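Reader: Hey, I'm new to this one. Can you walk me through it?

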Amino acid sequence: MKLLLIAFMMLPLISKSQDILLIPKIPFDTIEAKFGYKAIIERPGAKKDLLYSEINEWLATNFNSAKSVIELSDKDAGKIIAKGVYNSFANYNYMGMRPVSYRLNFTLIFSIKDDKFRVTITDLAFTTDQEDTINVIGTIESKVKDLQLYNESKIAKNKQPGKLISKRIANFQIELLNGLDSFASTTIKKITNYISNTKKDDF
């Protein structure tokens with residue numbers, strides 16, 4: 001009888017925990033109050049001007065979308081700021097509806113010194129040219145807030161009709177956020193490989 005009672009008492013706790021969604025952990029810059037990624041890439045012996053030139057070469061090769069643009073390129077200050085777009089970052093398809101393709105907008109900030117540079121990936125946001133019926137357009141900060149409110153409502157058992165996203169949409173937003181780590185690591189790896197493998201042109 002005691003075992004049966006314990007089992008029944010645990011059921012509500014298990015059910016409640018199953019409703020709480022695991023929000024992906026994304027690096028947060030407390031100074032800028034933004035989510036984003038940073039990496040310091042070292043190249044001993046490389047002068048600031050050389051790194052500046054090579055980073056610009058990488059941007060010219062990879063930022064070829066009409067929506068991509070270099071906003072700042074200051075050689076003396078060792079600073080480059082570029083806005084980029086990852087097209088078809090994720091697609092949402094539900095019950096035969098026309099798939100909605102979402103882009104990832106982002107900003108790359110390069111801070112360059114002799115022997116090394118820092119790359120920051122920030123201003124992350126989802127956009128689309130299609131009808132956004134599930135309200136996914138917005139910054140990463142707003143999407144994380146949506147998920148936090150969703151979890152808080154489940155803990156308080158307060159559904160707040162009309163104010164919260166559904167579990168289906170919450171799961172899709174988690175899928176989007178989960179893809180950010182892969183995007184950031186791939187981008188940083190591409191930059192690192194290009195700068196590391198660039199050889200002096202003796203032409």
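Author: Sure, let's start with a strand pair. S4 and S5 run antiparallel and are joined by five bridges. Strands pair if DSSP finds at least two bridges between them, and strands here are DSSP runs of E with at least two residues, while helices are runs of H or I with at least four, all numbered from the N terminus.

Reader: Which residue is the bridge partner of leucine 72 in S5?
Author: That's isoleucine 81.

Reader: And what's in the hairpin of S4 and S5?
Author: Four residues sit between the strands, and glycine 78 there has a positive phi near 65°.

Reader: Is this a predicted model, and where do the numbers come from?
Author: It's predicted: local features need pLDDT of at least 70 and side-chain atom pairs count only at pLDDT 80 or more, while totals for chains, interfaces and linings use all residues. Residues are numbered from 1 along each chain as its sequence is written, and side-chain values use heavy atoms, leaving out hydrogens and water.

Reader: What's the mean pLDDT of the protein?
Author: The mean is 83, and 82% of the residues reach 70 or more; pLDDT is the predictor's confidence in each residue, from 0 to 100.

Reader: Which elements have the lowest and highest mean pLDDT?
Author: Helix H1 (residues 2-19) is lowest at 43, and strand S7 (residues 116-127) is highest at 96. Over residues 1-16 pLDDT stays under 50, and the model has three contacts beyond four places in sequence for them. Contact means heavy atoms within 4.5 Å. Where pLDDT is low, the predicted coordinates shouldn't be read in detail.

Reader: Switching to H2, which of its residues are buried?
Author: Leu51, Tyr52, Glu54, Ile55, Asn56, Trp58 and Leu59. Buried means under 20% relative accessible area, exposed over 50%, and partly exposed in between (1.4 Å probe, protein chains only).

Reader: What do the buried residues of H2 pack against?
Author: Strands S4 (69-74), S5 (79-92) and S6 (100-113), plus S7 and helix H4 (167-197).

Reader: Okay, serine 153: buried or exposed?
Author: Serine 153 is buried, with a relative accessible area of 5%. Its place is in helix H3 (residues 140-156), and its side chain reaches the backbone oxygen of tyrosine 150 at 2.6 Å.

Reader: And where is alanine 33 found?
Author: In the loop between strand S1 (28-29) and strand S2 (34-35). Alanine 33 has a positive phi of about 55° although it isn't a glycine, and at 46% relative accessible area alanine 33 is partly exposed.

Terms used. A polar contact is a pair of N or O atoms within 3.5 Å; within protein, one must be able to donate a hydrogen and the other to accept it, and residues adjacent in sequence count only if both atoms are side-chain atoms.
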